[in-house]
Amino acid sequence: MGNKILRKVFLAFMRIHILYHAKKEPFFGLWMIEELKSHGYKVSSGTIYPILHSMEEDGILVSEEKTIEGKVRKYYSLTGKGEKILVEVKDKTKELSREIME
Ligand SMILES: [Zn+2]
């Protein structure tokens, strides 16, 4: 992500992944870093945690501490407000890809 505009676009794409996965199943930060890596986004915890916190502050995500296999982690899931945003984002993403991928 050497370039300003690319970084901005990728950050927006990453937020879409976050919305989508938070709806599917609660996740923790490190899991999301790996998930984004599998999609070709190199992202550090210093980038992902502030995004998750700001989405939580905006009432889009909600977090809960869970202990799974002896590990205490913060799991994020989507709120009702977040679900509405995801619907809108999906519409716009479909529309965008319809136009640019033809
Ligand atoms: Zn994904």
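How are the donor residues of the zinc ion spaced in sequence? In this predicted model, the pattern reads H-x3-H-x13-E-x3-H. Put into residue terms, the protein donors are His 17 through ND1, His 21 through NE2, Glu 35 through OE and His 39 through NE2. These atoms sit 2.1 to 2.6 Å from the metal.

The geometry of the zinc site comes out as irregular, with angles among the four donor atoms running from 66 to 144 degrees. A tetrahedral label would need all angles to lie between 85 and 135 degrees, so the spread of 66 to 144 degrees rules that label out. For reference, the ideal angle for four tetrahedral donors is 109.5 degrees.

Solvent exposure was worked out for two of the donors. Glu 35 has a relative accessibility of 14% and counts as buried because the cut-off is under 20%. His 39, at 40%, falls in the partly exposed class.

Turning to the wider fold, an unreviewed UniProt entry annotates residues 18-86 as a domain, "Transcription regulator PadR N-terminal". Helix makes up 54% of that span and strand 23%, and its end C-alpha atoms are 10 Å apart.

Helix packing is the last item. Helix α1 covers residues 4-24 and helix α4 covers residues 80-100. Their axes come within 10 Å and cross at roughly 125 degrees, so α1 and α4 are classed as oblique to each other. The handedness of this α1 and α4 crossing is left-handed.

Note on methods:
Residues numbered from 1 in each chain as written. Predicted model: local features only at pLDDT ≥ 70, side-chain atom pairs only at ≥ 80, totals over all residues. Heavy atoms only, no water. UniProt positions renumbered as here; feature names shortened; annotations may be inferred. Helix = DSSP H or I, 4+ residues; strand = E, 2+ residues; numbered from the N terminus. Donors = N, O, S within 2.8 Å, 3.2 Å for Na, K, Ca; no water. Tetrahedral: all angles 85-135°; square planar, octahedral: opposite > 155°, others 65-115°. Buried < 20%, exposed > 50% of the residue type's maximum accessible area, 1.4 Å probe, protein only. Axes fitted to C-alpha atoms, helices over the stretch in contact; angles between N-to-C directions. Parallel < 35°, antiparallel > 145°, perpendicular 65-115°, else oblique. Left-handed = near helix turned anticlockwise from the far one by under 90°.
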